[in-house]
Amino acid sequence: MRAALLQLNVGEDPAANLAATLEHLRAAVAGGADFVLTPEATNGLSSDRALQARQFHHENSDQTLASLRAAAKDAGIWLLVGSLGLKTNDADGRFANRSFLVGPDGAIVARYDKIHMFDVNVTETEVFRESSAYRPGDRAVVAQTPLGSIGMTVCYDVRFPQLFRHLAQAGAQILTVPAAFNHLTGAAHWETLLRARAIETGCFVLAPAQTGRHPEASGKSRRTHGHSLAIAPWGEVLADGGTEPGVTFAEIDLAEVAKARARIPSLRHDRAFEGP
Ligand SMILES: O=C(O)CNC(=O)[C@H](CS)NC(=O)CCC(=O)C(=O)O
């Protein structure tokens, strides 16, 4: 199976972001991809909640999702829409940060709402309160597909190894980690965290990422780390997307999952313990 990680530099306009995503998706298909993955926040990054309330839609009327489903069907590929900001029916008006797995017939096979919210002061001036805009999910998801069993996560989830262990012990062979990783924390932690999750679980880890500077109409901007990564179950980096937007390919051979787990069977060696 040939996977393609789309590395994006989205702005605030969902229509422009969709156009760029479709362009990269066509390049991925032309390059022979069976499974295409887009990053977190494929429909846009913004800190302007009022703007997002005008631009985001409910899942069943979201144009980004409809167009990407149609593109997956046209090309006959599997597609992970890393995540979309979507409206919910919650009284407090919070959005969902939702990841979708789409089949080659365009059907939604699985959906996952990001569980861990990035409520972090990266520096005094780079402050994130994701949970003020997004409501966290509370359900782990593994999807069985002909490509393998796929455990779904998003971005900051990568810092919670118990979720990854749970997914692997529930049968996942491939773990998806679409991200909009911060440039500072990314430089320090991104590759190490992803490689650790692959090694601990004996899973392939596929992590398509946002990259570069994301300017907002308000004058604010954020910077993301890029470096979309495909990692093998033994921990090797198979492909690194660098810092430019584009497509990065990786060959996924599921036999590697069984091989890595046969060499180090730690996934089956959990023990109960007491204290402190
Ligand atoms: O806010 C949105 O619209 C979309 N969501 C994101 O960009 C999220 C929350 S700000 N980013 C992360 O989780 C980065 C985690 C990270 O960088 C780390 O763990 O160090």
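**Exercise 1: the nonpolar core.** Find which residues touch the most other members of the largest nonpolar core in this predicted model.

*Solution.* Start with the membership: the largest nonpolar core holds 72 residues. Now look for the members that touch the most others, and you land on A3, V36, L194, F204 and V205. Next, ask which element feeds this core: strand β3, residues 78-86, gives the largest share, with 6 residues.

**Exercise 2: around F204.** List what F204 touches, leaving out residues up to four places away in sequence.

*Solution.* Take C-beta atoms within 7 Å as your contact test. With those sequence neighbours skipped, F204 touches Q173, I174 and A198, then I231, A232 and P233, and finally I252 and V257.

**Exercise 3: following β3.** Work out how β3 is covered and which strands it pairs with.

*Solution.* Check burial to begin with: 9 of the 9 residues in β3 are buried, so call a residue buried here when 20 or more other C-beta atoms lie within 10 Å of its own. Then go to strand β2 (residues 35-37), which runs parallel to β3 and is joined to it by 3 bridges. Over at strand β4 (residues 96-102), the pairing with β3 is antiparallel and spans 6 bridges. Finally, trace L80 of β3: L37 is its bridge partner on one hand, and L101 in β4 is its bridge partner on the other.

**Exercise 4: the ligand shell.** Sort the residues around the ligand by character, and pick out those that come nearest.

*Solution.* Count the shell: 15 residues surround the ligand. Split them by type and you get 8 nonpolar, 4 polar and 3 charged. Now rank by distance: F118, Y156, A180, N182 and T185 come nearest.

Conventions:
Residues are numbered from 1 along each chain as its sequence is written. This is a predicted model: local features need pLDDT of at least 70, side-chain atom pairs count only at pLDDT 80 or more; totals for chains, interfaces and linings use all residues. A nonpolar core is a set of buried Ala, Val, Leu, Ile, Met, Phe, Trp, Tyr and Cys residues joined through C-beta atoms within 7 Å. A residue is buried if 20 or more other C-beta atoms lie within 10 Å of its own, exposed if 12 or fewer, and partly exposed in between; C-beta atoms are placed from the backbone. Helices (H or I, at least four residues) and strands (E, at least two) are DSSP runs, numbered from the N terminus. Two residues are in contact if their C-beta atoms, placed from the backbone, lie within 7 Å. A residue is near a molecule or strand if its C-beta atom, placed from the backbone, lies within 6 Å of it. Ala, Val, Leu, Ile, Met, Phe, Trp, Tyr, Cys and Pro count as nonpolar, Asp, Glu, Lys and Arg as charged, and the others, Gly among them, as polar. Two strands pair if DSSP finds at least two bridges between them.
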